[in-house]
Amino acid sequence: MFPGTTADHTGPPSRRTGSSAVSAAPVSGLDGPESIPVRPLSFRELVDLPFAVIQADVRKLIVFVVAGLVLAEDLVIAITSGCSILTDGSDSGTAWSAILSTAVTAWLLRLFLRGVTVPIGVARARDSALTWRAALRAFGGKLGPLLLDRLLHTATSVVVPAAWILVALWELGSLLHNDALFSLAVIVGVVVALAAVPTASWLRARRMCVVPVLFAETTSYGGAVGRAKILAAGAEWRLAGLWLALRGLLLVVAVPLLGLPLFVSDFSGTHRWAVIVLSTASVLLIAAFAEVVDSATSVVVDIDRRCRREAWDVRIPRPAHRNTETVR
C-alpha cells in the first residue's frame, strides 16, 4: 500500500512497542491548517495577511460594517438636517454641519470597528472563533482603554503634523526678508513639513500592537502600551513602511469612492441633499474600510512580533503521556 494512505494512520499502535496512542485528528497550529500562520512573517505577508484575517470572519465583519455605516449615516443626516433648519437652510451652515458631523461619526465608527475586529482577529490567531455577541462583549469590556487609545491616536495625528508645519512656517518667515534665500526657504519649509509623514508613521509603528495586547492579555492600558513598545523594538521603521504602504492602498481605494457622488450626480442632478448623502456615505465607507484593514494589520503584526521577540511559534509538548497535542 502506498505511503500516506488512510491505512497508514489508522488503528491503535501495538502495546508491545510501548508507544503512546496517537490521535488521527490533525493537530492545530503548525501541524494543521491555519488561516493565519503563526511564525515570523515577511513584509509581503504583513501586507497580504490582513485580508486573510478579514476573509476568515468576513460575514461577521460585513454585518458590523453595514450596521455601523447605516447608524453613522443616519446620525449625519439627522444632525445636518437639524442644523439646516436652525440656520434657515444656509448653505454654509449646512455644509459645515455635514462636515463636522461626518468627522465625529467617522471617528466613532472607527472606534466601534476596531473594538470588534481586533478581538475577532486575536481569537482567529489562536485557532478559535468569536460569535458576534462575544465580539460585542469584548468591545464593551475594553471600551475605556480603547477610547483612551483612540483619543491619543487622534491627538498625535493632529499635533505632530501641526508642529512640523509650524516649524516650516517659522523657517519660511525668518528668511522671507531676504529675496536671495526665499526659494531656499520654500524648499526647506516643504521638506520640514513632509517630515511629519515619517514621524507620524514611526509613532504609529511603536503603538501598533497596543489594541491586540489589550484584548489578548489581562493588563491595563499603560501595560499594553509598554508591551507594544517592547514588541515593536528594533522594527519601528519596518512597521512604519507597512503603515505607509497601507495608506497608499487606502488612497487607491478612496479615489473612486470619492468620485462616486460626481458620477451619480450626472444622472440625479446636483441636488443638495443627494450630494450630501452620497458624499458623507463615501467618506464613512472609506473610514470603515481603512479601520478594518488597520485592525487586521495590527493583529498580524502582533503575531509576527511575538514570534520574533518571544518565540511564540515554538511549540512545547504537553507532559501528559497520551496527549500528543502541543502548546506554545
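A residue is taken as buried when its relative accessible area is under 20%, and in this predicted model buried residues make up 36% of the 328 residues in the protein. The chain contains 12 helices and two strands, arranged along the sequence in the pattern α-α-α-α-α-α-α-α-α-α-α-α-β-β. Among contacts with a separation of 6 or more, 77% are accounted for by residues 24 or more positions apart.

The largest nonpolar core comprises 58 residues, and those with the most contacts inside it are Phe64, Leu113, Val210, Leu239, Leu284, Val301 and Ile303. Two or more residues of this core are given by each of helix H1 (43-56), helix H2 (58-86), H3, H4, helix H8 (210-216), helix H9 (221-232), helix H10 (236-258) and H12, with H12 providing the largest share, 11 residues. Apart from this core lies another, of five residues, among them Ala254, Leu257, Ile286 and Ala290. In soluble globular proteins, nonpolar side chains tend to be buried together. Leucine 239, one of the residues with the most contacts inside the largest core, is in contact with Ala205, Met208, Ala232 and Val301 when its neighbours within four places in sequence are left aside; Val301 likewise belongs to the residues with the most contacts in that core.

The packing of H3 against H4 was examined in further detail. The axes of these two helices come within 8 Å and cross at roughly 115 degrees, and H3 passes H4 in a right-handed crossing. On the H3 side the contact involves Leu111, Phe112, Gly115, Val116, Pro119 and Ile120, which meet Ala135, Leu136, Ala138 and Phe139 of H4. By class, the residues of this contact divide into nine nonpolar, one polar and no charged. The loop that links helix H3 (91-125) to helix H4 (132-141) holds aspartate 127, a residue other than glycine whose phi is nevertheless positive, near 60 degrees. Aspartate 127 is classed as partly exposed because its relative accessible area is 37%, a value that falls between the 20% limit for buried residues and the 50% limit for exposed ones.

A positive phi in a residue that is not a glycine also occurs at alanine 311, where the angle is about 55 degrees. Alanine 311 lies in the loop between helix H12 (272-310) and strand S1 (316-317), and with a relative accessible area of 39% this alanine is therefore partly exposed.

Two buried residues in helices illustrate contacts made with residues elsewhere in the sequence. Threonine 80, located in helix H2, has a relative accessible area of 0% and is therefore counted as buried. With residues up to four places away in sequence not counted, threonine 80 touches Thr94, Ser97, Ala98, Ser101, Trp273 and Ile276. The C-alpha atoms of threonine 80 and tryptophan 96, which stand 16 residues apart along the chain, are separated by 8.6 Å. Glutamate 291, found in helix H12, is likewise buried, because its relative accessibility is 0%. On the same exclusion of residues up to four places away, the contacts of glutamate 291 are with Arg110, Leu113, Arg114 and Arg150; of these, Leu113 is also listed among the residues with the most contacts inside the largest nonpolar core.

Glycine 234 occupies the loop between H9 and H10 and, in contrast to threonine 80 and glutamate 291, which are buried, counts as exposed because its relative accessibility is 77%. Between glycine 234 and arginine 206, which are 28 residues apart in sequence, the distance in space is 9.8 Å from C-alpha to C-alpha.

The cysteines were considered last. A search of the whole structure finds zero disulfides, that is, no pair of cysteine sulfur atoms within 2.5 Å. Cysteine 209 has a relative accessible area of 1% and is therefore buried, whereas cysteine 83, at 27% relative accessibility, is counted as partly exposed.

Technical notes:
Residues numbered from 1 in each chain as written. Predicted model: local features only at pLDDT ≥ 70, side-chain atom pairs only at ≥ 80, totals over all residues. Heavy atoms only, no water. Helix = DSSP H or I, 4+ residues; strand = E, 2+ residues; numbered from the N terminus. Buried < 20%, exposed > 50% of the residue type's maximum accessible area, 1.4 Å probe, protein only. Axes fitted to C-alpha atoms, helices over the stretch in contact; angles between N-to-C directions. Left-handed = near helix turned anticlockwise from the far one by under 90°. Contact = heavy atoms within 4.5 Å. Nonpolar A, V, L, I, M, F, W, Y, C, P; charged D, E, K, R; others polar. Core = buried A, V, L, I, M, F, W, Y, C linked by side-chain atoms within 4.5 Å.
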